[in-house]
Each structure stands twice: as structure tokens, then as C-alpha cells.
Amino acid sequence: MNDSTKDFTIDDELTLKDIFSVLWQKKIKILIFSSLISIFTFFYSLSLPNMYKSEAILASSFEDSDSGLQPLQNLAGISFLQDSSSKMSDKGIEIMKSLNFFEKLASKNNIFFELMAVDGWNAKKNVLLIDSSIYSQKKQKWTSNSPFSKDGRPSMQEAHRKFLKLFQVNYVPGKRFVEISIVHYSPEVAKKWLELIIYEINEISRLNEMNSAEKSFNYLEKEISETNLIEVRQGLSKLVENQAEKMIYAKATPEFLFKILASPYAPEIKSHPSRILYFIISFFISFIAAYFYFLARYFLNKDQEK
């Protein structure tokens, strides 16, 4: 039993020596292979277009603050103020991620085209580069071969899926802020999209509240005209006044759901790709792959010799 244990220990030590021996003997080949792969990866990364991220910081308009709109909020007694600002922010975030919101957004300011047809940006000329496999500039026609496209035009759901890969929005509980960002080939386009997203979510929320308050106002006015009970008329009159105040507040508040703390901007520095990082990662992976390749060959040859 002791001899068996001793033999196992010797074999184990020899195996470790073999492992380091392979690394040392093949170090030149491993380094050459790793260097070639990483250099190739680096030059490949040069062909990848730069992407720019525009960012903004928002806060719920219903946060307790010294804002000049706070008296209006108190006066209006808006029903959803009973919800916490975090819940309102969460609702706004989910709306911004929704397909319905994107459909409204994509129909404005050429966003659908800039999202689906563009595959680069000429910084010197400040010109967007068009992917000819998606859109033909000569024919002024969509030419996408995607299984979801119709007559060459990408579907709205396909565009929405791509949009969500470029768009990020998160509520930061500790700071009670909403961080929002968008990535695009052009920094100016990224800034424009982010400004439109913020405007659209505020406008949708504002119009929804106005429409809701107006419907309630009209209904209550009708109820008042149809009742002769003084106490009921007085109660309904207070409700009518409340709905009128809601409409006034909504009309007077452009930043209805989110107020801008840090405005969107056109970034000067790209967000990705990081070509140096590509080089380092590819070198590390190719180094490990080459080492295990030579190690496997060594043990296969050793088994054949037995």
C-alpha cells in the first residue's frame, strides 16, 4: 500500500514537470501564435465602427423639492401623487421600453431610418454611412433580406429589438435618479434620440393625464346638471374643481414625469470598441488555447509510446 502511494506521488510530480516542460519547450511557438492572433484581432477591430454613448440623468417630477411646480402639485391633488416617486419612475421606464412607445418614437425625426439603415459615421464629413444591404440610396428603397422584413423594409418589432440593445435606462434607488443612455454611430444622433425619448415620455404622460382629467371633468359636469340635491352638487363641484386643477397642472408642466438634472450631450470620445482590450483578451485566449493544444499533443504522443 505504501509503495503504491509512493509510485502515485512520483507520477504526479513527473506530470507537473511535463506540464511546465511543454510550456517551456513550445514557448516560442505559443508566443508567435498568440501574437499573430492578437494582431489580427486588433486590425479586425479597426474595421469596426466607433460607437458613441449619450447620457442623461433624470429625476421624478414628483420628488419633494423646492421646485416652483410643487405648489401646483399640492393644489391639483393629482391622484397618482399617492404613489411613491420610485413607482412613478418604474412605470415611466417600462413605458420607454415598450413597443408602443417605440412605434411613436420611430415615426418621428427619421429615427427608424437612422436605426436600421445606418452602419457607420464619417466624422470628418459628419455624414451617416448607409448599409446598402438594408437600404438602396440609388433606388431610395429598403432592401433588407431579414425574414421579418416586408417588401425589404425591416419590421417594427425587429427595429424595437435593435433599439433595446442600444438603449439603457435604470432607476438608482439610493440616489433616486434615473440614468438613461443611448448608443449610436453618430454622437449627434445619439444626443438627438435621447432628447426625443425624454420629451416623448413626458409628453405622453402629460397628455394622458390631461385626457383623463378632461373626461372626468365632462362626466362630473353632466352629473351636476342632472341632479337637484344640493349636497351632491356641492360634492361634485369640488371634484370638478379638482379635475380642472389637474388639467391646469398638466398644461403648465412640460417636464411632467421626469425633470432633467443632466442634459443629453454629444460625446467627443467613443464608448466602444476598445481596441486595446480586444488585443489583450485575444492574446490571453490564444495563448491558453495554444498551450493546451501542445499539451494535448504531448500526452497523446506519450500514450502512443507506451
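## Report on a predicted model

Asn109 is partly exposed, with a relative accessible area of 44%. The model described here is predicted.

**Residues with positive phi**

Asn109 lies in the loop that runs between α5 (99-106) and α6 (111-116). Its phi is positive, at about 55 degrees, although Asn109 is not a glycine. Most residues other than glycine have a negative phi. Asp151 also has a positive phi of about 55 degrees and is not a glycine. Asp151 belongs to the loop between β5 and α7. With a relative accessible area of 69%, Asp151 is exposed, because the cut-off for that class is over 50%. Asn109, at 44%, is partly exposed, because its value falls between 20% and 50%. A further positive phi, also about 55 degrees, is found at Asn126 in the turn of the β2-β3 hairpin.

The relative accessible areas given for three loop residues are listed here.

| Residue | Loop | Relative accessible area | Class |
|---|---|---|---|
| Asn109 | between α5 and α6 | 44% | partly exposed |
| Asp151 | between β5 and α7 | 69% | exposed |
| Asn50 | between α2 and β1 | 28% | partly exposed |

**The chain as a whole**

The secondary structure of the chain comes to 10 helices and eight strands. The chain has 306 residues, and 37% of them count as buried. Among contacts in the chain with a separation of 6 or more, 73% are made by residues 24 or more positions apart.

**The four-stranded sheet**

Four strands form an open sheet in the order β6-β7-β1-β8, and their pairing is antiparallel. The edges are taken by β6 (167-172) and β8; each has a single partner strand, so one side of each is left without a neighbour in the sheet. On average, neighbouring strands of this sheet are turned by 30 degrees against each other, direction ignored. α7 packs on the sheet and touches β6 and β7, and its direction makes about 55 degrees with that of β6. α8 packs on the sheet as well, where it touches β1, β6, β7 and β8; the direction of α8 makes about 140 degrees with that of β7.

Strand β1 (residues 52-60) is joined to β7 (residues 177-184) by seven bridges, and the two run antiparallel. Within this pairing, Glu55 has Ser181 of β7 as its bridge partner, and Lys53 stands opposite Val183 in β7. β1 is also joined to β8 (residues 258-262), by four bridges, and this pair runs antiparallel. Here the bridge partner of Leu58 is Ile260 in β8. In a regular strand the side chains alternate between the two faces of the sheet.

**The β2-β3 hairpin**

Strands β2 (residues 118-122) and β3 (residues 127-130) run antiparallel and are joined by four bridges. Gly120 stands opposite Leu129 in β3. The two strands form a hairpin, with four residues between them.

**Helices α8 and α9**

Two packed helices are described by the angle between their axes and the distance between the axes. For α8 (residues 187-225) and α9 (residues 230-251), the axes come within 9 Å and cross at roughly 160 degrees. Angles over 145 degrees count as roughly antiparallel, and α8 and α9 are therefore roughly antiparallel to each other. The crossing in which α8 passes α9 is left-handed. The residues of α8 that meet α9 include Arg206, Met210, Ala213, Phe217, Leu220 and Ile224. On the α9 side, the residues include Arg233, Leu236, Val240, Gln243, Met247 and Lys251.

**Two loop positions: Ser155 and Asn50**

Ser155 lies in the loop between β5 (141-142) and α7 (156-166). A polar atom of the Ser155 side chain lies 3.1 Å from the backbone nitrogen of Glu158. Leaving aside neighbours within four places in sequence, Ser155 is in contact with Phe112, Phe148 and Ser149.

Asn50 lies in the loop between α2 (27-46) and β1. At 28% relative accessibility, Asn50 counts as partly exposed. Asn50 and Ser271 are 221 residues apart in sequence, while their C-alpha atoms are 7.6 Å apart in space. Leaving aside neighbours within four places in sequence, the contacts of Asn50 are Tyr185, Lys270, His272, Pro273 and Arg275.

How values were computed:
Residues numbered from 1 in each chain as written. Predicted model: local features only at pLDDT ≥ 70, side-chain atom pairs only at ≥ 80, totals over all residues. Heavy atoms only, no water. Pairing = 2+ DSSP bridges. Polar contact = N/O pair within 3.5 Å; in protein donor to acceptor, adjacent residues only side chain to side chain. Contact = heavy atoms within 4.5 Å. Buried < 20%, exposed > 50% of the residue type's maximum accessible area, 1.4 Å probe, protein only. Axes fitted to C-alpha atoms, helices over the stretch in contact; angles between N-to-C directions. Parallel < 35°, antiparallel > 145°, perpendicular 65-115°, else oblique. Left-handed = near helix turned anticlockwise from the far one by under 90°.
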